[in-house]
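Visitor: I'm new to reading protein structures. Could you walk me through this one?

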Amino acid sequence: MTSRIQRLDPTTASRIAAGEVIERPTSVIKELIDNALDAGSTRIDIELVNGGRRLMQVTDNGCGLHAEEAALSLPRFTTSKIRHIDDLYTLTTLGFRGEALPSIAAVADVEMATRPVEQHEGVLVQSHASGAPQAHPIGCPVGTRVRVQRLFSHVPVRLRALKSVAREVQLVQELVAHYALAHPQVTFQLQHEGRRRLFAPASVDLRQRLAVVFGQELTAQMLPVYWQSLDLVIQGAVSPPMINRATRQRQYCWVNGRPVRSPLVSAALERAYGALLPPGRHPVAALGITLSPTLLDVNIHPRKTEIKFLHERAIFAGVQEAVEMVMQRLAPAILPWEEDAGTEAWQTMSVPVLHVGEAEVPYDLRAVASEVSALQPLGQIGNTFIVASGTPGLIVLDQHAAHESLLYEQLMAAENGSLELETTLVLPLTIGQYNYVNRLQPALAALGFQLEPFGQQTVLVRAVPTVLHTLLRSGNFLEALQEAMQRTTPQSSPEEWREHLAAALACRTAIRAGDPLSTAQMSSLVEAVTQQRLAYACPHGRPTHVTLSLAELERRFLRLSPSKSEQGGA
Ligand code: ADP
Ligand code: MG
């Protein structure tokens, strides 16, 4: 097998902005989390002892490394992520310098136990501040566990520069919270000396993540942000103006999944609040920006905590507009600060309150535009996309992702009913499937299924969730069960089973790409956009629809609006 990890050529290596990366425990944890995410992990466990000085351990369930690759991961400039400097323009991973592990190994004892899924045995690679790395076979689960011990024991100056144990743990906790916001689909856990400091279970609902980081009470008040143009998506949540802080510490930003500090984004955010914010105060925010890696320079900061947007003005305008839209929904109940409304006015302001766990408020990743008037379906493109037009502009829906997302939402909705089938479905199962269905019985019942055992390995389906009544066949039901089975473990919670089942059922029963659709079918999907029932992304995270607004079209055709330009006769 040729190793995925290779040493960068000297020119490429020299062009990568590097430096003294390891300053304190957070620098180590950051690099290890980046690696775990780059390895496709869905669960990342972080453990510290003595604030990280004695031990920092990061365990992931990602792709793992082969023995020869593991030994290669410790030298400098060895990476599996880029080969040439130009690769940075298409980078989709968080790491790229091949420097993190060696830099850590230079100031601490590093040990990596790792196993890829196709190997029965793992490998343990140990490096010490002095001496060459050693490798031994070891039994371990699929994934990677990196253990960093005795940080800075040979660098007393840096050891002395560390803050108190409590402070270092606090910094790590902030960092993990930032990652948790940027990657809600990954479970994160942080423990210090056996005590849990943060637990963020994987979730498709950003609200749950917000609650882990900001607490239930604040999350209930946060306002969802969703804004999209052709090549930029901004999503997250911001606080109403009366919830504000003296510093910007509670403003979290991430760009393409990379937690960053961005003065530009903060400035645009605060510009949108304008006079609504008391002077010298800052809103609370969690904003994620997604754009093409070609519009980004990630190679400007040694710790990769800052990035440079190639089109700063477009980003500024996008963030400002996204947040302004949210603020406009609050008006006119909110009086601008300049009118000196006084503190009582701040307290009596009515702000739509979002309650965590209550379904009636559209929240997660949904478009927030308040009046999307009726859209007219124009037709299908390639039997895959539906095109519609209306006041908001031109909307293109991915027919499968849109239908899948609607079915998923309906299945997960509390009031999702059950409907008896005219002809009972007979499901012949394998022993494994039969046991699995038995275990899933409560989750299936909660979704609206009524199943009955029929002999040793057969199950009768008498009733199904109302939304699936005309869509469910024994074939797609079996496929969905199989898919959910692969995505869950016996340890999964009932809630996880339900989510995975709902996602698998939605995917298997939804209209497929390539299906020709009737006008009625197109209209019903398009209507979901009009009624703002369509989430931005399907349960697998793919977008359901893209809006090309009138303003965007005008910009693209260089047709400035009359208010901004002189009335030309063009
Ligand atoms: P970089 O992330 O910049 O490539 P690192 O020094 O952080 O450099 O890691 C070197 C290489 O080791 C990575 O390119 C990757 O192939 C491998 N690696 C490191 N950590 C992990 C992990 N947790 N799971 C799988 N592979 C890993
Ligand atoms: Mg890395």
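**Around the ligand**

Guide: Happy to! α4 gives the largest share of the shell around ligand 1, namely three residues. Keep in mind as we go that this is a predicted model.

Visitor: Which elements each supply at least two residues of the shell around ligand 1?

Guide: Look for stretches that bring in two residues or more. We've already met α4, with its three residues. The elements that each supply at least two are α4 (100-107) and β4 (78-79).

Visitor: How do the residues of that shell around ligand 1 divide into nonpolar, polar and charged?

Guide: Start with the nearest ones: of the 20 residues around ligand 1, these are T79, S80, K81, R97 and G98. Then sort the whole shell by type. You get four charged, eight polar and eight nonpolar residues.

Visitor: How much of the accessible area of ligand 1 does the protein cover?

Guide: Check some polar contacts beforehand. N35 has a polar side-chain atom 2.8 Å from an oxygen atom of ligand 1, and D60 has one 2.8 Å from a nitrogen atom of the ligand. A polar backbone atom of L101 is 3.0 Å from a ligand oxygen. On its own, ligand 1 has 530 Å² of accessible area, and the protein covers 96% of it.

**Two crossing helices**

Visitor: Is the crossing of α12 and α15 left-handed or right-handed?

Guide: Find α12 at residues 399-412 and α15 at residues 494-509. Their axes come within 8 Å and cross at roughly 145°. Residues that meet there include H400 and L407 in α12, and R498 and A502 in α15. As for its hand, the crossing of α12 and α15 is right-handed.

Methods
Residues are numbered from 1 along each chain as its sequence is written. Chains are lettered from A and ligands numbered from 1 in the order in which they are written. This is a predicted model: local features need pLDDT of at least 70, side-chain atom pairs count only at pLDDT 80 or more; totals for chains, interfaces and linings use all residues. Side-chain values use heavy atoms; hydrogens and water are left out. A residue is near a molecule or strand if one of its heavy atoms lies within 4 Å of it. A polar contact is a pair of N or O atoms within 3.5 Å; within protein, one must be able to donate a hydrogen and the other to accept it, and residues adjacent in sequence count only if both atoms are side-chain atoms. Accessible areas come from the Shrake-Rupley method with a 1.4 Å probe; for residues, only the protein chains shown count as cover. Helices (H or I, at least four residues) and strands (E, at least two) are DSSP runs, numbered from the N terminus. Ala, Val, Leu, Ile, Met, Phe, Trp, Tyr, Cys and Pro count as nonpolar, Asp, Glu, Lys and Arg as charged, and the others, Gly among them, as polar. Axes are lines fitted to C-alpha atoms, for helices over the stretch in contact, and angles run from 0 to 180 degrees between N-to-C directions. A crossing is left-handed if the near helix is turned anticlockwise from the far one by less than a right angle, and right-handed if clockwise. Contact means heavy atoms within 4.5 Å.
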